[in-house]
Number of protein chains: 2
Amino acid sequence: MKRDSRLSGVLHVLLHMAQQPGPFTSETLAKAMDTNPVVIRRIMAGLRELGYVHAEKGHGGGWTLACDLSKVTLRDIYAALGSPSLLAMGNRTEAPGCLVEQAVNAALGQAFGDAEALLLARLGEVTLAMLSEDLRKRIGSRKIHDISAHRA
Amino acid sequence: MKRDSRLSGVLHVLLHMAQQPGPFTSETLAKAMDTNPVVIRRIMAGLRELGYVHAEKGHGGGWTLACDLSKVTLRDIYAALGSPSLLAMGNRTEAPGCLVEQAVNAALGQAFGDAEALLLARLGEVTLAMLSEDLRKRIGSRKIHDISAHRA
DNA sequence: CTTCATGTAACTTCATATGTTACATGATAG
DNA sequence: CTATCATGTAACATATGAAGTTACATGAAG
């Protein structure tokens, strides 16, 4: 099944925005993501409605962060995308009359439910601020690495 | 995203087969599943290759169980289907050069990996025999329920 | 040798993420 | 005021993969 990469994509955008002051146009962000400006507007629409980002039209317009990064988790962002389905597999039929199907659904539903719950919990543990901090560390360590590689 | 229901479907077939002696033709199984015989053959192909089921051609032919149901787990069946992807979401790019993408992938990859591991572990805990036993209980309790409903 | 059943390729259908074009809306610069 | 810039959004195109279907080859039983 084709994998949904909107969460990955929108986080990429947000992290770029957190690295420097805005605003950023959809076109700028689209180039950084190697995609189309309309795709950016589409995945950002839900975040705008929830107040996580702000969009301004006209000259000097574009997208700006409008939330406390330490208060928003990856789960919040996932929800802002409309909570698309997490699992690629599911039961053939929900609420089946057939007892066989009910037995199968019960077993699979348990496993699927547990996995979904864990994934949502994990996403809820990570804030955008934590992601941004991790990114800064990566940038920092790469700079050190580059220096040592070129001058040591 | 369209959900893959092959695991659900093939378990349904196996449980039906476990309820009474075979063999079962693809057409019979397809009717019980309200689908096409070719779909049955397709999802059973992997199980046949791994020896979980046996197929016989010609008059009196069809599918028969060829494994110890207490030794085969839902995870084994999942693997027999070719281990299709479990999650509907994924990273935009694997092995990205961009540090931002790496930071995003690290966070999401952790959450995704944990959820996948849990799901596989859960599937590995359930054997076909356990499923079949659960089904018998459901059949039994429904009979009792029906009797009480009609004659009490 | 006819019938039945599997094995498999090829095609159609359907859902959905993604990409693209087109145009309306609104804000700013001059 | 008007030209330009940027978002908002509808509409359409493309790509992928599961599921359904048709067609036919293969092989076993009567």
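Modeller: Ala, Val, Leu, Ile, Met, Phe, Trp, Tyr, Cys and Pro count as nonpolar, Asp, Glu, Lys and Arg as charged, and the others, Gly among them, as polar. With these classes, the residues of the surface near DNA strand C divide into 7 nonpolar, 10 polar and 11 charged, where near means that a heavy atom of the residue lies within 4 Å of the strand. This is a predicted model, in which local features need pLDDT of at least 70 and side-chain atom pairs count only at pLDDT 80 or more, while totals for chains, interfaces and linings use all residues. Residues are numbered from 1 along each chain as its sequence is written, chains are lettered from A and ligands numbered from 1 in the order in which they are written, and side-chain values use heavy atoms, with hydrogens and water left out.

Biologist: Which residues are the closest to DNA strand C?

Modeller: Among the 28 residues that surround DNA strand C, the closest are A:Ser5, A:Arg42, B:Ser26, B:Arg41 and B:Arg48. Of the atoms of this strand that come within 4 Å of the protein, 61% belong to sugar and phosphate.

Biologist: Which secondary-structure elements each supply at least two residues of that surface?

Modeller: Helices (H or I, at least four residues) and strands (E, at least two) are DSSP runs, numbered from the N terminus. Here the elements are H3 of chain A together with H3, strand E1 (53-56) and strand E2 (62-65) of chain B, and the largest share, 4 residues, comes from H3(B).

Biologist: Where does a polar side-chain atom of A:Arg6 lie, relative to DNA strand C?

Modeller: A polar contact is a pair of N or O atoms within 3.5 Å; within protein, one must be able to donate a hydrogen and the other to accept it, and residues adjacent in sequence count only if both atoms are side-chain atoms. The side chain of A:Arg6 places a polar atom 3.3 Å from a phosphate oxygen of DNA strand C, and a backbone N or O atom of B:Ser26 lies 2.7 Å from a phosphate oxygen of that strand. A:Lys57, by contrast, has a side-chain N or O atom 3.2 Å from a base oxygen of DNA strand C.

Biologist: And which residues come nearest to DNA strand D?

Modeller: Of the 28 residues around DNA strand D, those that come nearest are A:Ser26, A:Arg41, A:Arg48, B:Ser5 and B:Arg42. Polar side-chain atoms of A:Arg48 and A:Trp63 lie 2.7 Å and 3.4 Å, respectively, from a phosphate oxygen of DNA strand D, whereas a polar backbone atom of B:Gly58 is 3.2 Å from a base nitrogen. H3(A) gives the most to this surface, with 4 residues.

Biologist: In what sense do E1(A) and E2(A) pair?

Modeller: Two strands pair if DSSP finds at least two bridges between them. E1(A) and E2(A) do so in the antiparallel sense over 4 bridges, one of which joins A:Val53 to A:Leu65. Together they form a hairpin with 5 residues between the strands, and A:Gly58 in the turn has a positive phi of about 75°.

Biologist: How can chain B be laid on chain A?

Modeller: Two copies of a chain are related by a rotation about an axis and a shift along it. Copies are superposed by least squares on the C-alpha atoms of residues with pLDDT of at least 70 in both, and here a turn of 180° with a shift of 0.0 Å along the axis lays chain B on chain A with an RMSD of 0.1 Å. That is the relation of a two-fold axis. The same surface serves both copies, as 100% of the contact residues of chain B recur in chain A, contact meaning heavy atoms within 4.5 Å.
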